[in-house]
Amino acid sequence: MITYKRLITVESLSLSEVWKLYENTFPLNERRNIEGQTHILKLNNYHCESIHQNEKFIGLIFWWNFDSLRYIEHLAIIPGQA
């Protein structure tokens, strides 16, 4: 079973497997620093989520919820986990 957990504070994000995967997966010019991430975590239409399969962390998805569309900004799955 696949489940998602929304991370809403920078403390929960920076100490999590999500941030480590984010930093290791995306090049510096394609990601935010922790200060930038802190700012957008406060926005209601931004979603920073960890992905779990049978309660085991397997990936991340960062996405935006707009009136007319959903925009996936970052998606990463740990190799061999899905």
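## Asn54 and Glu55: an exposed turn of the chain

Asn54 is exposed, with a relative accessible area of 59%. That value is over the 50% cut-off, so Asn54 counts as exposed rather than partly exposed. The model is a predicted one. Asn54 sits in the loop between strand S2 (46-53) and S3. Its backbone stands out too: Asn54 has a positive phi of about 50°, although it is not a glycine.

Glu55 is found in the loop between S2 and S3. Glu55 also has a positive phi, about 70°, and is not a glycine. Its relative accessible area is 77%, and Glu55 is exposed. As background, most residues other than glycine have a negative phi.

## Overall build

How many helices and strands does the protein have? There are 3 helices and 4 strands. Read from the N terminus, the elements run β-α-α-α-β-β-β. The radius of gyration is 12 Å, close to the 12 Å that the globule rule gives for 82 residues, so the protein is as compact as a globular protein of that length.

The C-alpha atoms fill a box of roughly 30 × 30 × 20 Å, taken along the principal axes. Take the contacts with a separation of 6 or more: residues 24 or more positions apart account for 47% of them.

## Aromatic cluster

A search of the whole structure finds 6 aromatic pairs. One of them is formed by Tyr22 and Phe62. Their rings are 5.0 Å centre to centre, with 45° between the planes. That angle is neither under 30 degrees nor over 60, so the pair counts as tilted.

Which parts of the chain does this pair link? Tyr22 lies in helix H2 (residues 17-25), and Phe62 lies in strand S3 (residues 56-65). The two are 40 residues apart, and the pair links distant parts of the chain. Both Tyr22 and Phe62 are buried. Ring pairs also build a wider group: Trp19, Tyr22, Phe26, Tyr46, Phe62, Trp64 and Phe66 are linked into a cluster.

## Surface and charge

Buried residues make up 35% of the 82 residues in the protein. The accessible surface comes to about 5,400 Å². Carbon and sulfur atoms hold 54% of that surface.

The protein carries 8 positive and 9 negative side chains. How far apart are the centres of the two sets? They lie 2 Å apart.

## Asp67 and Pro79

Asp67 is found in the loop between S3 and strand S4 (70-77). Is Asp67 buried or exposed? Asp67 is exposed, with a relative accessible area of 86%. Asp67 and Asn45 are 22 residues apart in sequence. In space, their C-alpha atoms are 9.4 Å apart.

Pro79 lies in the segment after S4. At 73% relative accessibility, Pro79 counts as exposed. Its partner in a second distance is Gly59, 20 residues away along the chain. The C-alpha atoms of Pro79 and Gly59 are separated by 9.2 Å.

Technical notes: Residues numbered from 1 in each chain as written. Predicted model: local features only at pLDDT ≥ 70, side-chain atom pairs only at ≥ 80, totals over all residues. Heavy atoms only, no water. Phe/Tyr/Trp six-rings, centres within 6.5 Å; stacked < 30°, edge-to-face > 60°. Buried < 20%, exposed > 50% of the residue type's maximum accessible area, 1.4 Å probe, protein only. Rg over C-alpha atoms; globule rule 2.2 N^0.38 Å. Contact = heavy atoms within 4.5 Å. Areas by Shrake-Rupley, 256 points an atom, 1.4 Å probe, with all protein chains shown as cover. Lys, Arg positive; Asp, Glu negative; His and termini not counted. Charge placed at Lys NZ, Arg CZ, Asp CG, Glu CD.
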